[in-house]
Amino acid sequence: AVERTLSILKPDATERNLTGKINAVIEGAGLRIIAQKRVKWDAGDAASFYAVHKARPFYNDLVTYMTSAPIVVQVLEGENAVAKYREIMGATNPENAADGTIRKLFAENIERNSVHGSDSADNAAQEIGLVFQESEIVG
Ligand code: CMP
């Protein structure tokens, strides 16, 4: 089925001027970027987005990192978009990411791992709703 997923190009990616290179991988895999904006999150934005990770030991560092520089938030659309994007992102830890994946190509470490993608269709809908107005999504 055609699905939508939320993608984030993280601070390590925008700092190293990798927006276009990562978008080329996304589009090369057949996913369409149907919404995109560059934003800078404050602590409240990051805390609401990552609320599910609040109890994790890496949570405070994650909020600091995600507010350290601009990010690019995107809606990707395509056949099986949630699973397809997770496949081309590669494993959370770039040391475990398969060759050719975005994280293998570009990520610095498990925190500065260049991209985020929703992990289920339900979470995708919730994350897209947090970050975009419906009028900003042009399929
Ligand atoms: P993401 O897919 O956005 O989901 C949560 C983020 O927390 C993750 O990517 C990493 O940026 C970060 N993260 C996940 N696990 C760890 C970890 N073990 N140590 C540090 N950061 C982590």
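## Exercises: an aromatic cluster and a ligand site

Phe49 is buried, and Tyr50 is buried too. The model is predicted.

**Exercise 1.** Find how many aromatic pairs there are, and classify each by its ring geometry.

*Solution.*
- Step 1. Count the pairs. Ring centres must lie within 6.5 Å. The count comes to two aromatic pairs.
- Step 2. Take Trp41 and Phe49. Their ring centres are 5.2 Å apart, and their planes meet at 45°. Planes under 30 degrees apart count as stacked and those over 60 as edge-to-face. The angle of 45° fits neither class, so the pair of Trp41 and Phe49 is tilted.
- Step 3. Take Phe49 and Tyr50. Here the centre-to-centre distance is 5.0 Å, with 90° between the planes. This pair is edge-to-face.
- Step 4. Join the pairs. Trp41, Phe49 and Tyr50 make up one aromatic cluster.

**Exercise 2.** State whether Trp41 and Phe49 are buried or exposed.

*Solution.*
- Step 1. Buried means under 20% relative accessible area.
- Step 2. Trp41 and Phe49 are both buried.

**Exercise 3.** Describe the surroundings of the ligand, by residue and by class.

*Solution.*
- Step 1. List the residues. Around the ligand are Lys10, Tyr50, His53, Phe58, Leu62, Arg103, Ile110, Glu111, Asn113 and His116.
- Step 2. Sort the shell. It holds four nonpolar, three polar and three charged residues.
- Step 3. Locate the site. The ligand takes up the space of the largest pocket.

**Exercise 4.** Trace the ligand oxygen contacts with Lys10, Glu111 and Asn113. Then give the share of the ligand that the protein buries.

*Solution.*
- Step 1. Lys10: a side-chain N or O atom lies 2.8 Å from a ligand oxygen.
- Step 2. Glu111: a polar backbone atom is 2.9 Å from an oxygen atom of the ligand.
- Step 3. Asn113: a side-chain N or O atom is 3.4 Å from a ligand oxygen.
- Step 4. Taken alone, the ligand exposes 450 Å², and the protein buries 79% of that.

Terms used
Residues numbered from 1 in each chain as written. Predicted model: local features only at pLDDT ≥ 70, side-chain atom pairs only at ≥ 80, totals over all residues. Heavy atoms only, no water. Near = heavy atom within 4 Å. Polar contact = N/O pair within 3.5 Å; in protein donor to acceptor, adjacent residues only side chain to side chain. Areas by Shrake-Rupley, 256 points an atom, 1.4 Å probe, with all protein chains shown as cover. 1 Å grid on protein atoms, 1.4 Å probe; cavity = no way out; pocket = protein on both sides within 12 Å on 5 of 7 lines; lining within 4 Å. Sits in = over half its atoms within 2 Å of the grid points. Nonpolar A, V, L, I, M, F, W, Y, C, P; charged D, E, K, R; others polar. Phe/Tyr/Trp six-rings, centres within 6.5 Å; stacked < 30°, edge-to-face > 60°. Buried < 20%, exposed > 50% of the residue type's maximum accessible area, 1.4 Å probe, protein only.
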